[in-house]
Amino acid sequence: AVLSFGSTGKLATQIRNGAPFEVLLSADNSTPVKLVDEGLALASSRFTYAVGQLVLWSAQSGLVDAQGAVLAGIPQGKLAIADPKLAPYGAAAMQVMTQLGRVDALRPHWVTGENIGQTFQFVKTGNAALGFVALSQVMVDGQIASGSAWIIPAKLYDPIRQDAVLLKTGENNPAATALLSYLRSDSARQVIRAYGYQF
């Protein structure tokens, strides 16, 4: 497989403009539905390959407590969040802050990434003291790899269902269909689970 990484929205735009992708692993479940509706993907191939988990993370040890109480105060430094209009994890972060009643208090401290990858980089490099990122970005072999984190309870945000879909361009490519079959296998799910995803 030759991989191309980017925000789901930008990849969808590239697909609409003729990019030669054959499979889409989306960070949401709505984009694959739209591509199916637009005749660019096969409805029968769409499935949820993972359910993402949101985490409040800092590269600094001890900054984020296991209950997220750090959000009750004013953060020392910037709070990174993915653009909630473009990124499913950003939308989930907004839901969490809304549920906690902290949107107005925290808004002046936000730095917004255009996607979850850029948001993670803000925190990893120290340009933001903490941020809402994907658990998969900070988990290795079932453990938070570094820093400090609060794995946010799923009840505070809508499930981040991430769907895979076979694009029309890959309809006749056995490798594309084999990749999707592999993602449904137990061995693939073990790997996916080890990086902080659910099903």
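Q: How many positive and negative side chains does the protein chain have, and how far apart do the centres of the two sets lie?

A: Charge can be read by counting both kinds of side chain and then comparing where the two sets are centred. In this predicted model, the protein chain carries 15 positive and 13 negative side chains. The centres of the two sets are 4 Å apart.

Q: How many salt bridges does the count come to?

A: A salt bridge pairs a side-chain nitrogen of Lys or Arg with a carboxyl oxygen of Asp or Glu within 4 Å. By this rule, three salt bridges are found. One of them joins the side chains of Glu-114 and Lys-10, with an N to O distance of 2.9 Å. This pair links distant parts of the chain, 104 residues apart. Glu-114 belongs to the loop between β5 (110-113) and α5 (116-124), while Lys-10 belongs to helix α1 (residues 8-16).

Q: Are Glu-114 and Lys-10 buried or exposed?

A: Relative accessible area is the value to read: under 20% is buried, over 50% is exposed, and partly exposed lies in between. Glu-114 has 34%, and therefore counts as partly exposed. Lys-10 is partly exposed because its relative accessibility is 46%.

Q: Which parts of the chain does the pair of Arg-16 and Glu-38 tie together?

A: The side chains of Arg-16 and Glu-38 meet in a salt bridge of 2.7 Å, N to O. Arg-16 is in helix α1 and Glu-38 is in the loop between α2 (30-37) and β2 (47-52), so the salt bridge ties together parts that are 22 residues apart in sequence. Arg-16 is partly exposed at 37% relative accessibility, and Glu-38 is partly exposed at 41%.

Q: Where in the chain are Arg-46 and Asp-163?

A: Arg-46 and Asp-163 form a salt bridge in which the closest N and O atoms are 2.8 Å apart. Arg-46 lies in the loop between α2 and β2, and Asp-163 in strand β10 (residues 160-166). The two residues are 117 residues apart, so that the bridge links distant parts of the chain. As for accessibility, Arg-46 is partly exposed at 36%, whereas Asp-163 is buried at 2%.

Q: Which residues does Thr-119 touch, not counting residues up to four places away in sequence?

A: A residue's surroundings can be read from its contacts. Thr-119 is placed in helix α5, and its relative accessibility of 0% makes it buried. With those sequence neighbours left out, Thr-119 touches Ala-80, Ile-81, Ala-82, Gly-113, Phe-132 and Val-133.

Q: What share of the contacts in the protein chain with a separation of 6 or more comes from residues 24 or more positions apart?

A: Contacts can also be sorted by separation along the chain. Residues 24 or more positions apart account for 75% of the contacts with a separation of 6 or more. The chain itself has eight helices and 10 strands.

Q: Why does the radius of gyration of the protein chain agree with that of a compact globule?

A: The radius is read against the value expected for the chain length. For 199 residues, a compact globule would have a radius of gyration near 16 Å, and the protein chain has 17 Å, which agrees. The C-alpha trace spans about 55 × 35 × 30 Å along its principal axes.

Q: What percentage of the residues is buried?

A: Buried residues make up 43% of the 199 residues. The accessible surface is about 10,100 Å², and 52% of this surface belongs to carbon and sulfur atoms.

Key: Residues are numbered from 1 along each chain as its sequence is written. This is a predicted model: local features need pLDDT of at least 70, side-chain atom pairs count only at pLDDT 80 or more; totals for chains, interfaces and linings use all residues. Side-chain values use heavy atoms; hydrogens and water are left out. Helices (H or I, at least four residues) and strands (E, at least two) are DSSP runs, numbered from the N terminus. The radius of gyration is taken over C-alpha atoms; the globule rule is 2.2 Å times the number of residues to the power 0.38. Buried means under 20% relative accessible area, exposed over 50%, partly exposed in between (1.4 Å probe, protein chains only). Contact means heavy atoms within 4.5 Å. Accessible areas come from the Shrake-Rupley method with a 1.4 Å probe; for residues, only the protein chains shown count as cover. Lys and Arg count as positive and Asp and Glu as negative; His and the chain ends are not counted. The place of a charge is taken as NZ of Lys, CZ of Arg, CG of Asp or CD of Glu.
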